[in-house]
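Subject: A structure for you to explore

Hi there,

Here is the structure I promised you. Have a look at it first, and then read on for my notes.

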Amino acid sequence: VLSCYLFALYAKYFRMRVIDCVLVVSNYMVYMCKLRPNDKPSLKSRHRLSQLKYLDIGLNYQHFRLEWESKEAAYKILVYDKEKCSKFMESFTLALPQTTQVTKVSDSTISDIQELVFGIDKTFELFAKGKMYRQIMKNSTDSRWGVKDRMLMFRTYENCFPGTELVDMLLEEGDYKSRAEAVEMSHQLLVVDVLHHVKLEEQFRDDGTLYRFSADEPGYSAKQEYKIQENLNKDVLLYQLCYLTEKIKPTPISLIISNVKVFLTSEYHQWPLPRLQPPLPLHLRGQHFQVLHEIDISQVTMLIKSDKALTISSDSKCFDLTFATDSAQNEVADLIARLWEETFGFPLDVCQQL
């Protein structure tokens, strides 16, 4: 019995090409059929629905991945349409066995965008965590931990804490499953100089050894704090699959909007890597994202909207984008216009082309 179906594109693990397909789901099976111009769909693969291990729903419902345990049985389905994908998911998830693990928005995808698109080094993630942990330690009313003056060997050390108190706090307030994980995080914070030993020892110890957050040092520079905050302000506000028209031929891209920029990127859809599959061979490895163009929101001069299309005019260049739906086009245009108005205090020129 047919449960649901979906016309989309798919990228199979270990295969470079992205193929037009129709995904057909029955009570018992999932069929992947290749679509050919002016021809009937041809069956490429089929898998038992009961053996589906993972369903990973991507950012903004632009795609999802199906993963079975058998070799190369992992497929990234590219939908380009949030409404169509979410509607399909309503029917598809009802048909899933209870053993299928369903997740939304891969943490590794967000991390790859921050690193490869926004240019945020992993160090800044530790800075962000360190800033949060410092606030908890300084503002906490819990007597088990805190930042305060401590006496050691007849000497007073200002604004510090024992290593064991930091570990206790991380286990209580952080996402750490064991004391060993919390100790490892504390050592990473020490390595990037978010905190340091009061006598500048290089190894973190889970005992009464005293530590101090670098931000509590009398000579701490505000420049470092500004640089950290500047990077923390780069959030993924919108992720949208679309097409960029350059040199006549449309190119599939991933459009990503942060608080201050629009990024037009190429995305390698073998990523994020499946859980149950062998690693990619060297000739198939590549970066998850590669930036093709980046546009400062402040340099946008006009938006021109037409049927499922949007032209972003900036001080230096125009970018012609095509979307699967008008709602996707409107979502992108509305966000850019809002960010622009927040920057300058008056509306951006948005034209509707008939």
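**A first stop: V24**

Let's start with one residue: V24 is found in strand β2, which covers residues 18-26. Please keep in mind as you read that this is a predicted model.

Is V24 buried, partly exposed or exposed? Its relative accessibility is 21%, and a residue counts as buried only under 20%, so V24 is partly exposed. Leaving aside neighbours within four places in sequence, V24 is in contact with L2, C4, Y5, M29, V30 and Y31. For a sense of distance, try finding A309 as well: V24 and A309 are 285 residues apart in sequence, and their C-alpha atoms are 30 Å apart in space.

**The eight-stranded sheet**

Next, look for the open sheet, which is formed by eight strands. Their order is β16-β15-β14-β13-β19-β18-β17-β20, and the pairing is mixed. Which strands are at the edges? They are β16 (289-296) and β20 (350-352), each of which pairs on one side only. From one strand to the next, the twist averages 30 degrees.

You can walk along the sheet from the β16 edge:

- β16 pairs with β15 (residues 261-267) in the antiparallel sense, over seven bridges. Here K261 stands opposite D296 in β16.
- β15 and β14 run antiparallel and are joined by four bridges. I256 has F263 in β15 as its bridge partner, and the two strands form a hairpin with three residues between them.
- β14 and β13 are antiparallel too, with eight bridges. L238 is partnered by I257 in β14. The hairpin of these two strands has four residues between them, and K247 in this hairpin takes a positive phi near 55 degrees.

Now jump to the β20 edge:

- β20 and β17 run parallel and are joined by three bridges. I304 stands opposite C351 in β20.
- β17 and β18 pair in the antiparallel sense over six bridges, and M302 has S313 in β18 as its bridge partner. These two strands form a hairpin with two residues between them, and K308 in the turn has a positive phi of about 55 degrees.

**Helices across the sheet**

Two helices are worth finding here. Helix α2 (residues 107-117) lies across β13 (238-245), β14 (250-257), β15 and β16, and runs at about 65 degrees to β16. Which residues of α2 are buried? They are T109, S111, D112, I113 and V117. The buried residues of α2 pack against α3 as well as against β13, β14, β15 and β16. Just after α2 comes G119, with a positive phi of about 75 degrees.

Helix α7 (residues 326-344) lies across β13, β14, β15, β17 (300-306), β18 (309-314) and β20. To β17, α7 runs at about 160 degrees.

**A closer look at α5**

Here is a small calculation you can follow yourself. Helix α5 covers residues 179-191, which makes 13 residues; at 1.5 Å a residue they should span 18 Å. The end C-alpha atoms of α5 are 18 Å apart, which agrees.

In α5, the buried residues are A182, M185, S186, L189 and L190. Why do they belong to the same side of α5? They cover an arc of only 145 degrees around the axis, which puts them on the same side. There is a general idea to remember here: an α-helix has 3.6 residues a turn, so residues three or four places apart point the same way. On the other side of α5, A180 and V191 are exposed.

What do the buried residues of α5 pack against? Their partners are α3 (122-139), α4 (163-173), β11 (195-197) and β12 (210-213). The axes of α3 and α5 come within 10 Å and cross at roughly 110 degrees. Angles of 65 to 115 degrees count as roughly perpendicular, and α3 and α5 are therefore roughly perpendicular to each other. The contact is made by L126, K129, G130 and Y133 of α3 and by M185, Q188 and L189 of α5. Just after α5, D193 takes a positive phi of about 70 degrees.

Happy exploring!

Notes
Residues are numbered from 1 along each chain as its sequence is written. This is a predicted model: local features need pLDDT of at least 70, side-chain atom pairs count only at pLDDT 80 or more; totals for chains, interfaces and linings use all residues. Side-chain values use heavy atoms; hydrogens and water are left out. Two strands pair if DSSP finds at least two bridges between them. Axes are lines fitted to C-alpha atoms, for helices over the stretch in contact, and angles run from 0 to 180 degrees between N-to-C directions. Contact means heavy atoms within 4.5 Å. The expected span of a helix is 1.5 Å times one less than its number of residues. Buried means under 20% relative accessible area, exposed over 50%, partly exposed in between (1.4 Å probe, protein chains only). The arc is that of the directions from the helix axis to the C-beta atoms. Angles under 35 degrees count as roughly parallel, over 145 as roughly antiparallel, 65 to 115 as roughly perpendicular and the rest as oblique.
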